[in-house]
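Hi,

Here is the structure I said I would pass on. Have a look at it first, and then read my notes underneath.

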Amino acid sequence: MIKVLVVDDDFMVAKVNAGFVKQVPGFSVIGATHTGAAALEAVRKYEPDLVLLDIYLPDMSGLELLQKLREVDPELDVLIISAAREADTVRKALRGGIVHYLMKPFSASDLRERLVHYQNTYHPLSQVSETADQQDIDKIFGFGVQDKRLPKGFSAETLEKVIEILRCSEANISAAEAAEVLGTSRVSARRYLEYLNEQGKVEIDLRYGMGRPERRYGWKP
């Protein structure tokens, strides 16, 4: 489970953003703070994996806080969520090592896409004990699954959601079960699952019963 700390000066916005995070499988919200000082204390106390950070805070800027967070926990990941649109602010945030910059206003699905991207790229790399391979690094720099030419009719966003379902499932799932979560047809879900199988990303287990065996898919660790 990826632990998330929400930092926003607006109490209601922080509550809404925390609610968005809780809707994404594999993420939990450990708290919400509204000042830079409180955020630093929360990071020391709760040791989150990821901070959702606003630029505009009452006691310091988010960019200043970003530097202080690095001093407290050099391994901490930060995703900026802000109404700040100045190019200089965005450049400074990127140089500070953030994993993404999401501009307000945004929808739950906008945040979900960024969190799933983080879950599928940055976070797994933090689990690598000694070395990473080129594929791991390419995914972080934008050369992941979405950059490959997908089969006709495929959606990169849907593919990410299928990957998310597989990664978060405790047991292998069928195409029908995946379709129910995705809100698509079983045939469509199976196409994505079979594509991931062709890419070597999943393992298939055959469950025998009446009639044809059921194909169940699991994410390869």
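Below is what turned up, going from the sheet to the salt bridges and then to a pair of helices. Please keep in mind that this is a predicted model.

**The sheet**

Let's start with the open sheet, which has 5 strands in the order S2-S1-S3-S4-S5, paired in parallel. The edges are taken by S2 (27-33) and S5 (100-103); each has a single partner strand, so one side of each has no neighbour in the sheet. On average, neighbouring strands here are turned by 20 degrees against each other, ignoring direction.

If you want a place to zoom in, try S1 (residues 2-7) and S3 (residues 50-53), a parallel pair held over 4 bridges. Within that pairing, Val6 sits opposite Leu52 of S3. You'll also see helix H1 (residues 11-22) packing on the sheet, where H1 touches S1, S2, S3 and strand S4 (77-82). The direction of H1 makes about 170 degrees with that of S2.

**Salt bridges**

Side chains of opposite charge can pair when their charged atoms come close. Searching the whole structure gives 10 salt bridges, and here are some of them.

One is local. Arg91 and Asp88 meet through their side chains at 3.8 Å, N to O. Both belong to helix H4 (residues 87-95) and are 3 residues apart, about one turn of the helix. As for accessibility, Arg91 counts as partly exposed at 40%, and Asp88 is also partly exposed, at 37%.

Another one joins two helices: the side chains of Arg112 and Glu164 form a salt bridge at 3.2 Å, N to O. Arg112 is in helix H5 (residues 108-120) and Glu164 is in helix H8 (residues 156-168), so this pair ties together parts that are 52 residues apart in sequence. Which of these two partners is buried, and which is partly exposed? Glu164 is the buried one, with 1% relative accessibility, while Arg112 has 26% and counts as partly exposed.

Then there is Glu177 with Arg216, where the closest N and O atoms are 2.8 Å apart. This salt bridge also links distant parts of the chain, since Glu177 lies in helix H9 (residues 175-182) and Arg216 in strand S8 (residues 214-219), 39 residues apart. Glu177 is partly exposed, with a relative accessible area of 34%. Arg216, at 7% relative accessibility, is buried; the cut-off for that is under 20%.

There is a network to look at as well: salt bridges link Asp8, Asp54 and Lys104.

**H8 against H9**

Two helices from the salt-bridge section come back here. Glu164 is in H8 and Glu177 is in H9, and these two helices pack against each other at an angle of about 120 degrees, their axes 11 Å apart. That angle makes H8 oblique to H9. As for handedness, the crossing is right-handed.

Which residues meet where H8 and H9 pack? On the H8 side they are Thr158, Lys161, Val162 and Ile165. On the H9 side they are Ala178, Val181 and Leu182.

If you only have a few minutes, I'd suggest going through these views:

- the open sheet, with H1 packing on it
- Arg112 and Glu164, the pair that ties H5 to H8
- the network of Asp8, Asp54 and Lys104
- the right-handed crossing of H8 and H9

Cheers

Conventions
Residues numbered from 1 in each chain as written. Predicted model: local features only at pLDDT ≥ 70, side-chain atom pairs only at ≥ 80, totals over all residues. Heavy atoms only, no water. Pairing = 2+ DSSP bridges. Axes fitted to C-alpha atoms, helices over the stretch in contact; angles between N-to-C directions. Contact = heavy atoms within 4.5 Å. Salt bridge = Lys/Arg side-chain N within 4 Å of Asp/Glu carboxyl O. Buried < 20%, exposed > 50% of the residue type's maximum accessible area, 1.4 Å probe, protein only. Parallel < 35°, antiparallel > 145°, perpendicular 65-115°, else oblique. Left-handed = near helix turned anticlockwise from the far one by under 90°.
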